Amino acid sequence: MAKLKPIYICSECGYESPKWFGKCPGCSQWNTMNEQLPAALSVTGRTNASNSTVSQIMSLSEIEEDVEKRIFTGSDELDRVLGGGIVIGSLVLLSGDPGIGKSTILLQICQHLGKKLKVLYVSGEESANQLKMRANRLNVNCDNLFVLPQTNVAVIVETIKKESPDLVIIDSIQTMVYDEIASSAGSVTQVRECTNIFMHTAKGLGIPIIIVGHVNKDGAIAGPKVLEHIVDTVLYFEGEKNYSYRILRGVKNRFGSTNEIGVFEMTGTGLKEVANPSLMMISGRPKNTSGTCVACVMEGTRPMLAEVQGLVCATGFGTPRRMSTGFDYNRMSMLLAVLEKRAGYFFSNMDAYINVVGGLRLDEPAADLTVALALVSSLKDKPVGDKILAFGEIGLAGEVRAVNNCEQRISEAYRLGFEKCIIPFHNYKSLSKELKINVDIIPVKTVRDAFSALVEE
């Protein structure tokens with residue numbers, strides 16, 4: 001029998017090579033190539049080609065369509081991001097920074113699910129007593145919640161087959177170990193193959209499984225990118241450490257939209273849903289202060305208001321400083337260039353800062369006009385009215401381009417007491433007459449028109 005030659009796998013990105021490298025060709029990290037034998041990569045959950053039988057193919061019309069069954073978690077915000085609940089037989093990955101609230105929200109939904117369903121909570125990081133202490137703090141005391149402090153994947157799978165729970169939670173995937181793989185827990189190979197085994201278990205038994213995944217120092221999900229391809233849904237918890245608000249965002253969802261977000265507030269008794277995020281984001285706004293303006297962005301089907309603050313001051317160095325929090329830095333630099341070239345507002349010798357209040361990140365181009373108004377307001381020291389809202393995409397020619405869901409944005413602003421909206425000109429024609437009567441709508445074609453509307457106010 002020929003001797004098996006070892007292969008080398010990067011612990012950071014999963015790059016495989018027949019020879020060792022000091023620097024990984026895949027991710028350019030040093031000293032991450034670890035030696036492994038090919039035999040260690042075989043997993044019992046996969047089908048052996050020599051023993052498999054020939055499968056029969058079916059046409060699409062012959063396949064019976066089953067009604068999509070979902071489990072409601074009891075949290076409207078979580079169900080919104082999942083697309084209406086947890087799909088039976090799906091594999092969900094929940095990731096986020098340490099201490100952001102991943103284990104907290106999962107333990108909280110167990111209180112609701114445990115009333116009717118059997119839930120198995122597999123804890124690889126905490127003992128049973130530690131989990132009980134956290135459950136008491138969160139007021140979780142249901143009888144159908146069963147705890148399994150275990151890290152061996154084979155034992156966990158056998159327990160799932162024996163007990164047949166309605167939902168399984170794995171906390172966390174980085175602590176799981178498969179004995180046939182000769183690498184430590186948390187390595188790329190262990191994480192990938194353990195996730196594969198859980199995927200086969202979820203699909204084969206029709207039991208939904210939620211796995212918790214940690215993130216690395218760059219903020220990406222720890223383990224190879226293939227981990228995100230294996231699972232059906234990837235949810236990401238994000239939020240600033242200095243803020244109590246948390247945003248749950250869907251990065252991938254085979255059974256729903258990835259545009260929806262859920263907003264939570266971290267309290268002493270766990271995570272609480274924020275039913276009205278717009279009101280939360282704009283509460284405590286300063287009155288009659290320059291450099292602040294309100295934007296309305298769409299997060300899936302939900303319009304959200306966010307306060308954008310800009311600060312412009314004379315620079316003390318040869319090169320002006322630019323800083324952006326919650327808004328793309330490169331797009332901010334582009335807007336400053338457009339304001340100088342097309343509108344005549346010079347920032348060449350001025351430091352410029354942008355901050356989105358509440359820890360929210362504005363990735364939608366509709367926030368361009370809001371950022372521009374905040375910067376010019378600070379530059380001219382002229383406040384934008386407290387009851388004024390603005391949104392629109394700005395092009396390199398200084399034009400204000402149309403955005404989608406314009407009527408929903410204005411309706412949300414009107415509901416929260418805003419009286420005037422500066423919008424793109426091409427969106428004005430499609431608005432209803434009732435909305436035009438209730439709200440003072442100012443359509444603008446260029447950034448110059450938007451600033452002129454503020455001057456005339």
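**Figure 1. Lining of the largest pocket by element, with β12 giving the largest share.** In this predicted model, five residues of the lining of the largest pocket come from β12, and no element gives a larger share. The pocket itself holds about 540 Å³ of space. The elements that give two or more residues to its lining are β12 (245-253), β15 (292-299) and β18 (350-356).

**Figure 2. Centre and residue classes of the largest pocket.** The lining of the largest pocket consists of 29 residues, and those that lie nearest the centre are Glu238, Arg249, Leu360, Arg361 and Asp363. Sorted by class, the lining of this pocket has 10 nonpolar and 10 polar residues, together with nine charged residues.

**Figure 3. The largest cavity and its lining residues.** Three cavities of 30 Å³ or more are counted in the model, and about 70 Å³ of space lies in the largest of them. Rolling a probe the size of a water molecule over the atoms shows where empty space is left. The residues that line the largest cavity are Leu78, Leu82, Ile86, Val92, Leu94, Ile105, Leu106, Ile109, Ile210, Leu235 and Leu248. Two or more residues of this lining are given by each of α1 (76-82), β6 (91-96) and α2 (102-113), and the largest share, three residues, comes from α2. By class, the lining of the largest cavity divides into 11 nonpolar residues, with no polar and no charged residues.

**Figure 4. A nonpolar surface patch formed by Met58, Leu60 and Ile63.** These three residues, Met58, Leu60 and Ile63, together have about 370 Å² of accessible area, and the patch that they form lies on the surface. Met58 belongs to the loop between β3 (33-36) and β4 (70-71). Because its relative accessible area is 56%, Met58 is classed as exposed, the cut-off for that class being over 50%.

**Figure 5. Overall setting of the close-up views, with 13 helices and 23 strands in the protein.** The C-alpha trace of the protein spans about 85 × 55 × 55 Å along its principal axes. Of the 457 residues in the protein, 49% are buried, whereas Met58, shown in the view of the surface patch, is exposed.

Notes. Residues are numbered from 1 along each chain as its sequence is written. This is a predicted model: local features need pLDDT of at least 70, side-chain atom pairs count only at pLDDT 80 or more; totals for chains, interfaces and linings use all residues. Side-chain values use heavy atoms; hydrogens and water are left out. Patches are made of residues with over 30% relative accessible area and no salt bridge: like charges are joined within 9 Å, nonpolar side chains (Val, Leu, Ile, Met, Phe, Trp, Tyr) within 5 Å. Accessible areas come from the Shrake-Rupley method with a 1.4 Å probe; for residues, only the protein chains shown count as cover. A salt bridge is a side-chain nitrogen of Lys or Arg within 4 Å of a carboxyl oxygen of Asp or Glu. Helices (H or I, at least four residues) and strands (E, at least two) are DSSP runs, numbered from the N terminus. Buried means under 20% relative accessible area, exposed over 50%, partly exposed in between (1.4 Å probe, protein chains only). On a 1 Å grid over the protein atoms alone, a cavity is a set of points where a 1.4 Å probe fits but cannot get out, and a pocket is an open set with protein on both sides within 12 Å along at least five of seven lines; lining residues have an atom within 4 Å of a point. Grid points are joined across faces, edges and corners, and a volume is the space filled by probe spheres set on the points. Ala, Val, Leu, Ile, Met, Phe, Trp, Tyr, Cys and Pro count as nonpolar, Asp, Glu, Lys and Arg as charged, and the others, Gly among them, as polar.
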